[in-house]
Amino acid sequence: MIMKINNKNNPVIVERSKALSGIINTPSDKSISHRALILGSLCIGKTKIHNLLLSEDIMSTISALEQFGANINVNKESGITTVHGFGIGGLLQPSKKIYLGNSGTSVRLLIGLMSSCDVCVEFEGDQSLSRRPMGRVLEPLKEMGLEIISNNTNNLPLKLQGTALPIPINHKLLVPSAQIKSALMLSALNIRGRSTIIETIKTRDHTEKLFAYFDADIEVKKNEVGDKEIVINGQKRLSRREIDIPGDPSSAAFFVVAALISKGSKLRIKNIMMNPTRSVYIDYLISMGAKIDFINKYSKCGEEVLDIEVTASELKGITTSLEDAPSLIDEFLILSVAAAYAKGESRFCGISELKVKESDRLEAIINMLTLAGVDCRTQDDDLIIRGNGEVSGGSSIMTNYDHRVAMSALILGLGAKSQIRIDDISPIATSFPDFMEIYNRIGGNFHSG
Ligand code: S3P
């Protein structure tokens, strides 16, 4: 099932909206959806996944896993996906190139997966993915035996030969990235012996939690200097599990901020996963003055999940800490929109990783806000935004194949005095296919541009 990204331009113009209202269900978490599919493929027999996110990025992972030999059946009506796995180390040699569209998580995690198996794989992606750095995953994996066959050593397209005789990994993460950590962990699953991965700055912990849930031989502890140490003994058979995927806090963030900045709004947003490595943006918004009420609390996939009610609020500036930067990495864009509508200075510390996302998001924030009349600049590794409570707009924004730039610009336009044009909203389908339907239903004011 190959599904190429729809690169067809789809421009829209957003006008200031009236008060937003309604009830929204958060789409399923993208990070957990990728991992559930991969772990299901590493089990022998059938894994049942409830509420898998059906977005373009996830379709890329599905089609790659099918090429490695998994049998995956998506039933949209029932919301149940079944995965018949190939088991640890059981990857088949793909017969053609593996195209992963826009999805950085797919390519980095799958490089980890194939690195400790005797397969030769050619990975390709779209224009945006082909610009993103892969050396950060390849370098540590070269030490366990992965071979780079292509001339490219940092960017797609890449031709890689996994090893049949992998050496255990012993690596301290140089970049705080859950994708690198997860790639090494997936590699370690098929390495005989004990691999150790050390994390000094906290990143999302879904892989650790799911490894434990699927019965991998994993131990997570603090070492003598207080860093997180993940120890995996490889080549242990996993146990099949049933998994229900909670809502993606990073997707919910767009509508949380939409309600906060559009005067008179009240939105109920259901099914937000409150994993502390993902939902810290909600704490920052509350510190900015956001009125957010927690309505229902339940649990899915070992994670706390909340329904919340968000009321339009007067916001003030905020400083985010350096150590929270990886836990806010997907929210800085939409937090910058909140900061633009806030009164006073906001400072986001440690933002350089934004430069290597689906687009250069640091440049995207500066362009998006400056063109809309907001005072915004960088200082060393920090981003500073000076809001005065309103945004002029009257600007045109390029999304550069970046779903979160498109969604942030659509939210920015909801409260701006003059209309904002967005050159292409088609990348939104990579993570949040229903975004425009929800945006329209709650009162977003837009037309084709
Ligand atoms: C992700 C990790 C983050 C995040 C991305 C998804 C994951 O990337 O930005 O959207 O699922 O592991 P990095 O780990 O590269 O920071």
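These legends describe close-up views of a predicted model. Local features need pLDDT of at least 70 and side-chain atom pairs count only at pLDDT 80 or more, while totals for chains, interfaces and linings use all residues. Residues are numbered from 1 along each chain as its sequence is written, and side-chain values use heavy atoms, with hydrogens and water left out.

**View 1. Surroundings of F432 in the loop between β23 and α12.** The loop lies between β23 (418-422) and α12 (435-441); helices (H or I, at least four residues) and strands (E, at least two) are DSSP runs, numbered from the N terminus. F432 has a relative accessible area of 1% and is buried (buried means under 20% relative accessible area, exposed over 50%, partly exposed in between; 1.4 Å probe, protein chains only). Apart from neighbours within four places in sequence, F432 contacts P27, S251, F255, M407 and I438, where contact means heavy atoms within 4.5 Å. E124 is 308 residues from F432 along the chain, with 22 Å between their C-alpha atoms.

**View 2. Surroundings of H171 in strand β10.** The strand covers residues 170-172. H171 is buried, at 14% relative accessibility. Beyond neighbours within four places in sequence, its contacts are P140, L184, T196, I197 and I198.

**View 3. Cysteines C120 and C301, in a structure with zero disulfides.** A disulfide is a pair of cysteine sulfur atoms within 2.5 Å. For C120, the closest cysteine sulfur is in C117, 13 Å away and therefore too far for a bond. C301 is likewise in no disulfide, and the nearest cysteine sulfur, that of C43, is 13 Å away. C120 is partly exposed at 22% relative accessible area, and C301 is partly exposed at 28% relative accessibility.
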